[in-house]
Amino acid sequence: MNYTFTQNMFSSQDMVLVCRTEKEYKIHEKMKEIGDGIKKLKKEKLEGFREKISEEVAKLLELKASLPDEGQKKFVLKTPKGTRDFNPYQMSIREGAFTKIIAAFKRHGAETIDTPVFELKETLTGKYGEDSKLIYDLADQGGELLSLRYDLTVPFARYLAMNKITNIKRYHIAKVYRRDNPAMTRGRYREFYQCDFDIAGQFDPMIPDAECVKIVAEILESLELGDYVVKVNDRKILDGMFAACGVPEDKFRSICSAVDKLDKTFWSDVRAEMIDEKGLDPVAADKIGKYVELKGGLDLVDKLLQDENLIKESSAKQGLEDMKLLLKYCELFGVLDKVSFDLSLARGLDYYTGVIYEAVLLGFSHTPGTESEETIGVGSVAGGGRYDKLVGMFDPKNKIVPCVGVSIGIERIFSILEARAMASEKKGRTTSTEVYVISAQKNMLEHRLQLCKELWDSDIKTEQSYKKNPKMLDQFQACENNGIPLAVIIGDSEIKNNVVKLRIIETRAEREVPRSEMVEEIRKELANL
């Protein structure tokens, strides 16, 4: 028998194949073990060794045949469904939006916290109604059943209860996870950021609630997203409305979830769901239909306060009184013209107990303020409400900590800002570099390093070429490509005269400045620019 084939067939290349499954790994380990045995048999040449080698080779062939064909093992490089990467340009847009949002939160006195990206499964269970099916459960990692956080509100409530906190104004910006059907072009992902602002504590009615509406208005105005409306309603009004229409109390939450779909589908579809899936009396559904088409302002509140069938429900009456107060405060905050009292707004999450709100863009323009605006509808970009009982669900004594908050739908906002940036003729910057140090001749590396060190120590954002002797044209090109506004040029003559050349990249104007005054002159130019 020719053993050359045996040796080549089980070369070191075969032994170091990347095993993509545990099964493949075990097969390769067994093949290596048999291969070592064959080598030992050949070396010892004991009686009957040829027959034993033939048997071992047959085993090797059988094992190799069980491995998947190399053509079937192609690895597709992609991000998981509902996720995406962000390039430096996209990240610069995001950072700009985050800066404006955080500025609004801080302007209203908020402090920030952070919580784990996963929670005990029981922490999240039973808090989201029908949306609970969208929670990502993790495999058991040794005794604790865990789930990825669905939002930042429930972890915040757990944080308050666990740390016995009864009064805080906080913001939290972090990623959350939902096993939803993604719509990437509309900013709906399975992994996405939320930007939450919440006020916890016992305060007089509607004062913190109105401030949340004001914050939403401030953020949307600062981001220049075009016309928008902040829809407001109250869970107490909804519960009173359901009771007045004849909905059994045990169906309030499921009917509320159905009404919540009105911003995505037609009333006929919602009505069919109420009757066919939720088992609601068609007469009650038709009564609900007459209410949910109502929207307005203080005039609508006054009209509903005259509805005897509605206000006989104490929750509806209380909710309408709260709504009247909320709209009054919104007027004082100067945002009433952006607010609409909308009875179709329901928000499906179970933990809401009072005022609820949702901000919707009426259209987005690539070039705001122009006559011919190309608009893109992206739906809701912020939402929130009051959840007075959520913290108590985590407290052994069911201690109530009233809370109200808002969450900015930042991914949808990002999709708009990215579309605007793509349509813009002006390219944004991806770095904050202020100065580029340029060498005019060869052998200037040490001088460049010294200049960089001096500028970094003075807190001036500075870069240089990583080549020892870069071409001067390439260095200027780096400035222009990256939007770096200033260049400091060093050469033999500058060293001799103890100066540097300061160049404004956009105008190409140059002037010499004493080395001792370099930092001061750079700061002056940056201030002017």
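In strand E8, Val339 is the bridge partner of Val230. This pair belongs to a predicted model, and the report below proceeds from it to the surrounding sheet, the nonpolar cores and a second sheet.

## The nine-stranded sheet

Three bridges join strand E6 (residues 228-234) to strand E8 (residues 339-342), and the two strands run parallel. On its other pairing, E8 meets E7 in the antiparallel sense over two bridges, with Phe341 of E8 as the bridge partner of Gly296. Both faces of E8 are covered: Val339 and Phe341 are buried on one side, and Ser340 and Asp342 are buried on the other.

These strands are part of an open sheet of nine strands with mixed pairing, in the order E1-E4-E5-E11-E10-E9-E6-E8-E7. Strand E1 (111-112) and strand E7 (295-296) stand at the edges with a single partner strand each, so one side of each has no neighbour in the sheet.

Within this order, strand E10 (residues 380-386) is mostly covered, seven of its seven residues being buried. E10 is joined to strand E9 (residues 355-361) by five bridges, in an antiparallel arrangement, and Tyr357 stands opposite Gly384 of E10. Five bridges also join E10 to strand E11 (residues 403-408), again running antiparallel; here Ala382 has Ile408 of E11 as its bridge partner.

Two helices may be described against this sheet. Helix H5 (residues 88-107) packs on the sheet and touches strand E4 (168-177), strand E5 (191-200) and E11; the direction of H5 makes about 10 degrees with that of E5. Helix H7 (residues 153-162) lies across E4, E5 and E11, running at about 45 degrees to E5.

## Nonpolar cores

In soluble globular proteins, nonpolar side chains tend to be buried together. The largest nonpolar core in this model has 104 residues, and those with the most contacts inside it are Phe105, Phe242, Ile288 and Phe341. Helix H8 (residues 207-222) gives the most to this core, with eight residues. Leaving aside residues up to four places away in sequence, Phe105 touches Ala110, Tyr171, Cys195, Asp196, Phe197, Ile215, Ile219 and Ile408. Another core, of 16 residues, lies apart from it and includes Val435, Cys452, Val488 and Leu502.

## Helix H11 and its surroundings

The buried residues of helix H11 (residues 267-277) are Val270, Glu273, Met274 and Ile275. Among the elements that cover them are helix H10 (252-259) and helix H12 (282-292). Just after H11, Gly279 takes a positive phi of about 75 degrees.

## The five-stranded sheet and its helices

A further open sheet has five strands with mixed pairing, in the order E13-E12-E14-E15-E16. Its edge strands are strand E13 (462-464) and strand E16 (509-514), each of which pairs on one side only. Neighbouring strands of this sheet are turned by 30 degrees against each other on average, direction ignored. Strand E15 (residues 499-504) is joined to E16 by six bridges and runs antiparallel to E16, and Leu502 stands opposite Arg511 in E16.

Helix H17 packs on this sheet, touching strand E12 (435-439), E13, strand E14 (486-490) and E15; the direction of H17 makes about 165 degrees with that of E13. Helix H18 (residues 472-481) lies across E12, E14, E15 and E16, running at about 175 degrees to E12.

Helix H17 (residues 445-457) also packs with helix H20 (residues 518-528), at an angle of about 60 degrees and with the axes 11 Å apart. H17 passes H20 in a right-handed crossing. At this contact, Leu451, Glu454 and Leu455 of H17 meet Met518, Val519 and Ile522 of H20. By class, the contact has five nonpolar, no polar and one charged residues.

## Helix directions relative to strands

The following table sets out the directions of helices against strands of the two sheets.

| Helix | Reference strand | Angle |
|---|---|---|
| H5 (residues 88-107) | E5 (191-200) | about 10 degrees |
| H7 (residues 153-162) | E5 | about 45 degrees |
| H17 | E13 | about 165 degrees |
| H18 (residues 472-481) | E12 | about 175 degrees |

Definitions and conventions
Residues are numbered from 1 along each chain as its sequence is written. This is a predicted model: local features need pLDDT of at least 70, side-chain atom pairs count only at pLDDT 80 or more; totals for chains, interfaces and linings use all residues. Side-chain values use heavy atoms; hydrogens and water are left out. A nonpolar core is a set of buried Ala, Val, Leu, Ile, Met, Phe, Trp, Tyr and Cys residues joined through side-chain atoms within 4.5 Å. Buried means under 20% relative accessible area, exposed over 50%, partly exposed in between (1.4 Å probe, protein chains only). Helices (H or I, at least four residues) and strands (E, at least two) are DSSP runs, numbered from the N terminus. Contact means heavy atoms within 4.5 Å. Two strands pair if DSSP finds at least two bridges between them. Axes are lines fitted to C-alpha atoms, for helices over the stretch in contact, and angles run from 0 to 180 degrees between N-to-C directions. A crossing is left-handed if the near helix is turned anticlockwise from the far one by less than a right angle, and right-handed if clockwise. Ala, Val, Leu, Ile, Met, Phe, Trp, Tyr, Cys and Pro count as nonpolar, Asp, Glu, Lys and Arg as charged, and the others, Gly among them, as polar.
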